Amino acid sequence: MKPNVFEVKWGLLMKEFNLEYTRWFKDMLTKCGSWIPRYFNDIPMCGLMKTTSRSESMNYFFNTYSESENLLLNFMMNYDTAIQNQRNTQRELDKATKKASYRMETPREIELQASKVYTSTLFFEVQKEIYKTTFFSTYSYVGIEDRWEVYSVQHNNSKREFKNEFKVEIKVEEKEINCSCEYFIDEKNKLALFAEKQQILLTRIDSDYTSGGLKSKMDGEVVGKLMSVSIPIPEDINIHVRQVQNNKGSKIKKRIPSAGEITYVNSKKEHKMCLGCGEQVSHNLRTCPVTIAIAQSTQDI
């Protein structure tokens with residue numbers, strides 16, 4: 001939806017429900033550049049993580065790999081375990097992606113090529129776009145403007161009704177494309193730099209796969225540079241472990257014994273004399289079979 005279309009539909013909506021003079025809706029319309037996606041499509045947001053997602057990720061990590069009683073040493077060991085699990089999961093997903101075979105929804109060769117390039121999740125998203133482009137889109141040649149071949153692409157909904165129209169400019173020799181939807185932004189330099197950093201990081205991880213963490217101060221500096229952050233690493237690291245640990249109460253985890261184990265343990269105990277039957281047994285006067293039988297016979301009479 002283009003900004004001008006949004007503003008027209010917004011006005012019709014306000015008029016239909018008599019909200020034209022409501023202050024809150026007026027303020028929201030003036031701030032549309034902050035919450036309507038169409039107004040900031042030109043901003044790269046591929047690495048954006050919402051605050052809620054970030055918080056949920058942190059909670060999942062601490063609930064799975066850490067406890068409130070852990071020392072600093074335990075936390076570092078659990079952190080290394082979490083990183084190793086992530087690497088193992090990534091390798092399993094890569095293996096599953098390479099062996100996966102997908103059902104093609106269109107006769108387009110670009111769909112087959114996308115299935116070999118993208119991961120499973122991304123491929124399904126790309127496949128949807130290819131499907132909509134094949135069966136619900138039409139284009140027409142407009143002409144040449146400043147050495148750009150201009151086309152008009154029209155998108156329809158599932159009922160073949162008009163939905164949107166975009167202007168696409170193409171330079172075939174330079175392999176450059178511009179679209180008025182602003183979903184395709186040419187930032188080759190930034191993309192090449194990002195790919196180079198990722199390749200360096202993957203190479204170091206693969207060469208140091210068996211280690212439990214960073215081996216030296218140099219490794220920490222390299223990771224810091226790749227992440228564009230500065231991490232002050234001290235020369236000497238001293239970890240003081242507490243000499244006394246509290247292991248009483250509910251912190252001791254015991255399994256539930258079986259009936260046979262309970263009977264065996266009770267048989268080893270020294271029993272007292274029961275006042276009901278006069279024998280040294282595990283029951284007392286209240287649970288004595290003789291006393292219970294006498295009480296039942298008395299009630300029957």
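These are my notebook entries on a predicted model, mostly about one sheet and the helices beside it.

**Entry 1: the whole chain**

I began with the overall counts. The protein has 301 residues, and 15% of them are buried. I found eleven helices and six strands. For the surface, I got an accessible area of about 25,700 Å², with carbon and sulfur atoms holding 56% of it. I also looked at how far contacts reach along the chain. Taking contacts between residues at least 6 apart in sequence, 25% join residues at least 24 apart.

**Entry 2: the sheet**

Next I went to the strands. In what order do the four strands of the open sheet run? I read it as S1-S2-S3-S4, with antiparallel pairing. S1 and S4 are the edge strands, each with a single partner, so one side of each has no neighbour in the sheet. From one strand to the next the twist averages 25°.

**Entry 3: S1 with S2**

I then took the pairs in turn. S1 covers residues 137-145, and S2 covers residues 148-156. Eight bridges hold S1 to S2, and the two run antiparallel. I noted two facing pairs here. Ser-140 is opposite Ser-152 in S2, and Gly-143 is opposite Val-150 in S2. The two strands make a hairpin with two residues between them. Which residue in that turn has a positive phi? It is Asp-146, at about 55°.

**Entry 4: S2 with S3**

S3 spans residues 162-171, and eight bridges join S2 to S3 in antiparallel fashion. I checked Asn-156 and found that its bridge partner in S3 is Phe-162. This hairpin has five residues between its strands. Arg-160 sits in the turn with a positive phi of about 65°.

**Entry 5: S3 with S4**

S4 is made of residues 176-179, and four bridges join S3 to S4, again antiparallel. Ile-170 has Ile-177 as its bridge partner in S4. I counted four residues between the strands of this hairpin, where Lys-175 takes a positive phi near 55°.

**Entry 6: Ser-137, where S1 starts**

I wanted a closer look at Ser-137, which lies in S1. Is Ser-137 buried or exposed? Its relative accessibility is 17%. The cut-off for buried is under 20%, so Ser-137 counts as buried. A polar atom of the Ser-137 side chain lies 3.3 Å from the backbone oxygen of Lys-132. Leaving out residues up to four places away in sequence, I found Ser-137 touching Lys-132, Gln-154 and His-155. Lys-132 falls within helix H7, residues 120-136, and Gln-154 and His-155 fall within S2, residues 148-156.

**Entry 7: H6 against H7**

I moved on to the helices. H6 covers residues 109-117 and H7 covers residues 120-136. How far apart are the axes of H6 and H7? They are 10 Å apart, and the packing angle is about 170°. Angles over 145 degrees count as roughly antiparallel, and H6 and H7 are therefore roughly antiparallel to each other. On the H6 side I listed Ile-110, Glu-111, Ala-114 and Ser-115. They meet Phe-123, Val-126, Gln-127 and Ile-130 in H7.

**Entry 8: one residue from each helix**

From H6 I picked Ser-115. With 14% relative accessibility, Ser-115 counts as buried. Setting aside neighbours within four places in sequence, Ser-115 is in contact with Tyr-102, Met-104 and Phe-123.

From H7 I picked Val-126. Val-126 comes out at 23% relative accessibility and counts as partly exposed. Which residues does Val-126 touch, not counting those up to four places away in sequence? I found Ala-114 and Tyr-118. The C-alpha atoms of Val-126 and Ala-114 are 7.6 Å apart, with the two residues separated by twelve places along the chain.

**Entry 9: back to the sheet**

Last, I returned to how S1 and S2 meet the helices. Eight bridges join those two strands. H7 packs on the sheet and touches S1 and S2, with its direction at about 85° to that of S1. H7 also packs with H6, so my picture of this region has H7 in contact with the sheet and roughly antiparallel to H6.

Methods:
Residues are numbered from 1 along each chain as its sequence is written. This is a predicted model: local features need pLDDT of at least 70, side-chain atom pairs count only at pLDDT 80 or more; totals for chains, interfaces and linings use all residues. Side-chain values use heavy atoms; hydrogens and water are left out. Buried means under 20% relative accessible area, exposed over 50%, partly exposed in between (1.4 Å probe, protein chains only). Contact means heavy atoms within 4.5 Å. Accessible areas come from the Shrake-Rupley method with a 1.4 Å probe; for residues, only the protein chains shown count as cover. A polar contact is a pair of N or O atoms within 3.5 Å; within protein, one must be able to donate a hydrogen and the other to accept it, and residues adjacent in sequence count only if both atoms are side-chain atoms. Two strands pair if DSSP finds at least two bridges between them. Axes are lines fitted to C-alpha atoms, for helices over the stretch in contact, and angles run from 0 to 180 degrees between N-to-C directions. Angles under 35 degrees count as roughly parallel, over 145 as roughly antiparallel, 65 to 115 as roughly perpendicular and the rest as oblique.
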